[in-house]
Amino acid sequence: MNCNIILCGFMGSGKSTVGLLLAKKLGMSFIDLDTYIEKKEGMTVSKIFEKYGEPYFRKVEKESAKELAEKNGLVIAAGGGTLVDKENADTFRTSGKIVLLDLPVEVIAERLKGDNSRPLLQRPDKDKAMRELYEKRMPLYKSAADITVDAAAAPLIVCGRIIDAIS
């Protein structure tokens, strides 16, 4: 495949897990956008948020999206907030298909239980914050996506659904 597949969805929706499997199945390269940014900046996303704040992170994210959109044959796991920005969605759309991994908030809450690596959820009211963020972001993901896939199944089944949808 000579275009990219960009996976979007809320944190915990399986973008990295599904993306890695999908790339292997399709003979493409896998890039997790957050990991790409961490290598570029020489620190974790959490550290970037802590040291420079979210606006700085979003600027680097936008630059990184442009860099990756210039490449071909990638499965890209976008960060949970990447495609909330319409400019990022437009950038990625020029290089491939945007696939939303759709999951109910209850499933995501279960998956993220005990996960302390998400900077936007590092607060006492973690569950409430997650649900508010989910409600705010989901309509934006849906408008950015070319394809929406039910991601509640096992990762290999989700990969199959994506392959069927893009074929």
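So, helices α2 and α4: in this predicted model, the axes of α2, residues 33-41, and α4 come within 10 Å and cross at roughly 105°. That makes α2 roughly perpendicular to α4.

Which residues meet at this crossing? From α2 we have Leu33, Asp34, Tyr36, Ile37, Lys40 and Glu41. On the α4 side, their partners include Tyr56, Phe57, Val60, Glu61 and Ser64, and further along Ala65 and Leu68.

Let's stay with α4 for a moment, which covers residues 54-69. With 16 residues at 1.5 Å a residue, α4 should span 22 Å, and its end C-alpha atoms are indeed 22 Å apart, so the two values agree. The buried residues in α4 are Phe57, Arg58, Val60, Glu61, Ser64, Ala65, Leu68 and Ala69. Looking down the axis of α4, you'd see those buried residues fall within an arc of 165°, so they line one face of the helix. If you have the structure open, notice that Phe57, Val60 and Leu68 are buried and also take part in the meeting with α2.

Now to the neighbour, α3, residues 45-52. Val45, Ile48 and Phe49 are buried there. Down the axis of α3, these fall within an arc of 100°, so they too line one face of their helix. And what covers them? Both α2 and α4 are part of that cover. On the face turned away from the buried side, α3 carries the exposed residues Glu50 and Lys51. After α3 comes Gly53, with a positive phi, near 90°.

Next, one residue I'd like you to click on: Asn4, in strand β1, residues 4-8. Is Asn4 buried or exposed? Asn4 counts as buried, because its relative accessibility is 0%. Its side chain has polar partners, too. A polar atom of the Asn4 side chain lies 2.9 Å from the backbone oxygen of Lys71, and the side chain also reaches the backbone nitrogen of Gly73 at 3.1 Å. Leaving aside residues up to four places away in sequence, Asn4 touches a list of residues that includes Met28, Ile76, Ser95 and Lys97. Two more on that list, Leu68 and Ala69, bring us back to α4, where both are buried.

Finally, let's zoom out to the whole chain. There are eight helices and five strands, and along the sequence they run β-α-β-α-α-α-β-α-β-α-α-β-α. Of the 167 residues, 47% count as buried. Among contacts with a separation of 6 or more, 72% join residues 24 or more positions apart.

Methods:
Residues numbered from 1 in each chain as written. Predicted model: local features only at pLDDT ≥ 70, side-chain atom pairs only at ≥ 80, totals over all residues. Heavy atoms only, no water. Helix = DSSP H or I, 4+ residues; strand = E, 2+ residues; numbered from the N terminus. Buried < 20%, exposed > 50% of the residue type's maximum accessible area, 1.4 Å probe, protein only. Polar contact = N/O pair within 3.5 Å; in protein donor to acceptor, adjacent residues only side chain to side chain. Contact = heavy atoms within 4.5 Å. Expected span 1.5 Å × (residues − 1). Arc of directions from axis to C-beta. Axes fitted to C-alpha atoms, helices over the stretch in contact; angles between N-to-C directions. Parallel < 35°, antiparallel > 145°, perpendicular 65-115°, else oblique.
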